[in-house]
Every structure is written in C-alpha cells, then in structure tokens.
Amino acid sequence: MLKFSKLMFIALVAFMIVAAPGFAADSNDVSVATESAKGWGYIGAGIGAGLAIIGVGMGIGRLAGSALEGMARQPEAGAALRTTMIIAAALIEGAGFFALVIAILLATK
C-alpha cells in the first residue's frame with residue numbers, strides 16, 4: 001500500500017507540474033507559447049481525469065468486495081448491505097463525474 005501511495009503522490013505532483021502552464025495561459029494571446037501551454041493543459045486535464053477514474057474504479061471495487069464478503073458472512077443482512085452499497089456507489093460515482101467535469105472544463109478554459 002505504501003508503494004501505491006508513493007506512486008499516486010508522484011502522479012499528483014506530475015499532474016500539477018504539467019497542468020500549471022496550461023491553466024496560467026492567457027486565452028487572448030494566440031502566440032505559439034500559449035498554444036503549447038494549452039496543449040500541456042490538455043495533457044494535465046487528461047491525467048487528472050484518468051486518476052479520477054482510477055480512484056472511482058478502485059473505490060467501487062473495494063466497496064463491492066467488502067459488501068459481498070459481508071453478505072457471505074451474514075446472509076440475513078444482505079438486503080441492508082445491498083442498499084447501503086448502492087447508495088455509497090452512487091456517491092462515489094458522483095464524485096468521479098464531478099472530477100471529470102472539472103478536468104474537462106479546466107482543459108477547455
């Protein structure tokens with residue numbers, strides 16, 4: 001788990017380094033440097049969106065695995081666990097969609 005945390009930290013730092021020039025670019029200037037900076041912003045937004053999707057996938061996978069394990073241990077609690085799992089999965093997906101929208105909006109800025 002520690003190795004994964006280090007990898008995610010490095011990816012986050014790389015995202016911030018790559019995205020910063022694109023977000024700082026002036027949209028009224030059409031110079032080559034600005035176009036290049038916009039390109040870096042698109043790459044940064046793509047990395048951010050990818051990280052958001054990876055996080056959502058891992059969260060929902062972990063949630064479903066834990067719920068299924070709980071249902072296997074106590075079958076009578078299956079209905080309550082299923083309902084709670086669906087609500088939590090919807091909240092996780094909502095946060096993922098929010099991250100995607102923010103990444104896309106920042107890239108097209």
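These exercises work through a predicted model of one protein chain.

**Exercise 1. Fold and overall packing**

Work out which secondary structure elements the protein chain has and in what pattern they run.

*Solution.*
Step 1. Count the elements. The protein chain has three helices and zero strands.
Step 2. Read along the sequence. The pattern is α-α-α.
Step 3. Check burial. Of the 109 residues, 19% count as buried.
Step 4. Look at the surface. About 7,500 Å² is exposed, and carbon and sulfur atoms supply 74% of it.
Step 5. Look at the contacts. Take those with a separation of 6 or more: residues 24 or more positions apart account for 63% of them.

**Exercise 2. The salt bridge**

Find which residues form a salt bridge, and state whether each is buried, partly exposed or exposed.

*Solution.*
Step 1. Search the whole structure. One salt bridge turns up.
Step 2. Name the partners. Arg73 pairs with Glu69, and their closest N and O atoms are 3.1 Å apart. The cut-off for a salt bridge is 4 Å, so the pair qualifies.
Step 3. Place them. Both residues lie in helix 2 (residues 32–73), four residues apart, or about one turn of the helix.
Step 4. Recall the geometry. An α-helix has 3.6 residues a turn, so residues three or four places apart point the same way.
Step 5. Judge accessibility. Arg73 counts as exposed because its relative accessibility is 64%, and exposed means over 50%. Glu69 has a relative accessible area of 43%, so Glu69 is partly exposed.

**Exercise 3. Helix 3**

Compare the span of helix 3 with the expected value, then list its buried residues and the contacts of Met85.

*Solution.*
Step 1. Take the span. Helix 3 (residues 78–107) has 30 residues and reaches 43 Å from its first C-alpha to its last.
Step 2. Compare. The expected value at 1.5 Å a residue is 44 Å, and the span is close to that.
Step 3. List the buried positions. They are Gly78, Ala89, Gly96, Leu100, Ala103 and Ala107.
Step 4. Turn to Met85, which lies in helix 3. Leaving out residues up to four places away in sequence, Met85 touches Leu63, Ala64 and Ala67.
Step 5. Add a distance. Met85 and Leu68 are 17 residues apart along the chain, and their C-alpha atoms are separated by 9.6 Å.

**Exercise 4. A nonpolar patch**

Identify which residues make a nonpolar surface patch of about 280 Å².

*Solution.*
Step 1. Name the members. They are Trp40, Ile43 and Ile47.
Step 2. Locate Trp40. This residue lies in helix 2.
Step 3. Check accessibility. Trp40 is partly exposed because its relative accessible area is 43%.

Terms used
Residues numbered from 1 in each chain as written. Predicted model: local features only at pLDDT ≥ 70, side-chain atom pairs only at ≥ 80, totals over all residues. Heavy atoms only, no water. Salt bridge = Lys/Arg side-chain N within 4 Å of Asp/Glu carboxyl O. Helix = DSSP H or I, 4+ residues; strand = E, 2+ residues; numbered from the N terminus. Buried < 20%, exposed > 50% of the residue type's maximum accessible area, 1.4 Å probe, protein only. Contact = heavy atoms within 4.5 Å. Areas by Shrake-Rupley, 256 points an atom, 1.4 Å probe, with all protein chains shown as cover. Expected span 1.5 Å × (residues − 1). Patch = residues over 30% accessible without salt bridge, like charges linked within 9 Å, V, L, I, M, F, W, Y side chains within 5 Å.
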